[in-house]
Amino acid sequence: MPVHRQLAGILRDEILSGRIEPDRPLPSEASLRERYGVRPEDVRGAIQELSDEGLVYVLAGEGAYVSSRAEETGGG
């Protein structure tokens with residue numbers, strides 16, 4: 001399984017379990033790279049995958065945030 005998909009799965013679990021609440025930011029790209037030892041491309045790919053699923057939204061220059069949709073699908 002590609003690294004970005006593995007990371008997306010980890011973040012998805014954190015979102016759906018409520019560990020990261022709706023409208024709260026995901027950890028920064030730098031933090032995710034350091035924590036999981038992945039490349040910037042993998043972090044961006046994971047965030048894109050979660051965005052495509054509607055679990056996160058990205059604000060330019062601010063980062064990625066958990067969508068309120070996460071509550072509807074079991075998070076929060």
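These are my notebook entries on helix packing, salt bridges and a few single residues in this structure.

**Entry 1: before starting**

I am working with a predicted model, and I keep that in mind throughout.

**Entry 2: helix 1 and helix 2**

I began with a reminder to myself: two packed helices are described by the angle between their axes and the distance between the axes. So which numbers describe helix 1 and helix 2? Helix 1 covers residues 3–16 and helix 2 covers residues 29–36. I found that their axes come within 12 Å and cross at roughly 110 degrees. Angles from 65 to 115 degrees count as roughly perpendicular, so helix 1 is roughly perpendicular to helix 2. I also looked up the hand of this crossing, and it is right-handed.

Next I wanted the residues that meet there. From helix 1 I noted Leu7, Ile10, Leu11 and Glu14. On the other side, helix 2 brings Leu32, Arg35 and Tyr36. I sorted the residues of this contact by type: five are nonpolar, two are charged and none is polar.

**Entry 3: helix 2 and helix 3**

I repeated the lookup for the next pair. The axes of helix 2 and helix 3 come within 9 Å, and they cross at roughly 115 degrees. The range for roughly perpendicular runs from 65 to 115 degrees, so helix 2 is roughly perpendicular to helix 3. This crossing, too, I wrote down as right-handed.

Which residues make the contact between helix 2 and helix 3? I listed Glu29, Leu32 and Arg33 on helix 2, and Pro40, Val43 and Arg44 on helix 3. By type, I get three nonpolar residues, three charged ones and no polar ones. I noticed Leu32 on both of my lists: it takes part in the contact with helix 1 and in the contact with helix 3.

**Entry 4: salt bridges around Glu29**

Side chains of opposite charge can pair when their charged atoms come close. How many salt bridges does the structure hold? I found seven, and I followed some of them up.

Glu29 caught my eye. Its side chain meets that of Arg33 in a salt bridge, at 3.3 Å from N to O. Both residues lie in helix 2, four residues apart, which is about one turn of the helix. Glu29 also has a salt bridge with Arg44, at 3.2 Å from N to O. That second pair links distant parts of the chain, since Glu29 is in helix 2 and Arg44 is in helix 3, 15 residues away.

Then I checked how exposed these residues are. Glu29 has a relative accessibility of 25% and counts as partly exposed. Arg33, at 31%, is partly exposed, and so is Arg44, at 47%.

**Entry 5: Arg5 and Glu49**

Another salt bridge joins Arg5 and Glu49, with the closest N and O atoms 3.3 Å apart. Where do the two partners sit? Arg5 is in helix 1 and Glu49 is in helix 3 (residues 40–52), so the pair links parts of the chain that are 44 residues apart.

Is Glu49 buried or exposed? Buried means under 20% relative accessible area, and Glu49 has 17%, so I put it down as buried. Arg5, with 46%, is partly exposed.

I also looked up what touches Glu49. Leaving out residues up to four places away in sequence, I found His4, Arg5, Ala8 and Arg12. Salt bridges that share partners join Arg5, Arg12, Glu49 and Glu53 into one network.

**Entry 6: Asp23 in a loop**

I turned to the loop between helix 1 and helix 2, where Asp23 lies. Its phi angle is near 65 degrees, a positive value in a residue other than glycine. Asp23 is partly exposed, with a relative accessible area of 46%.

**Entry 7: Val58 in a strand**

My last lookup was Val58, which sits in strand 1 (residues 56–59). Is Val58 buried or exposed? Exposed means over 50%, so at 51% relative accessibility Val58 counts as exposed.

Val58 still has neighbours from elsewhere in the chain: not counting residues up to four places away in sequence, it touches Ile47, Gly63 and Ala64. For a sense of distance, I looked up Asp42 as well. The C-alpha atoms of Val58 and Asp42 are separated by 16 Å, and the two residues are 16 residues apart along the chain.

Key
Residues are numbered from 1 along each chain as its sequence is written. This is a predicted model: local features need pLDDT of at least 70, side-chain atom pairs count only at pLDDT 80 or more; totals for chains, interfaces and linings use all residues. Side-chain values use heavy atoms; hydrogens and water are left out. Axes are lines fitted to C-alpha atoms, for helices over the stretch in contact, and angles run from 0 to 180 degrees between N-to-C directions. Helices (H or I, at least four residues) and strands (E, at least two) are DSSP runs, numbered from the N terminus. Angles under 35 degrees count as roughly parallel, over 145 as roughly antiparallel, 65 to 115 as roughly perpendicular and the rest as oblique. A crossing is left-handed if the near helix is turned anticlockwise from the far one by less than a right angle, and right-handed if clockwise. Contact means heavy atoms within 4.5 Å. Ala, Val, Leu, Ile, Met, Phe, Trp, Tyr, Cys and Pro count as nonpolar, Asp, Glu, Lys and Arg as charged, and the others, Gly among them, as polar. A salt bridge is a side-chain nitrogen of Lys or Arg within 4 Å of a carboxyl oxygen of Asp or Glu. Buried means under 20% relative accessible area, exposed over 50%, partly exposed in between (1.4 Å probe, protein chains only).
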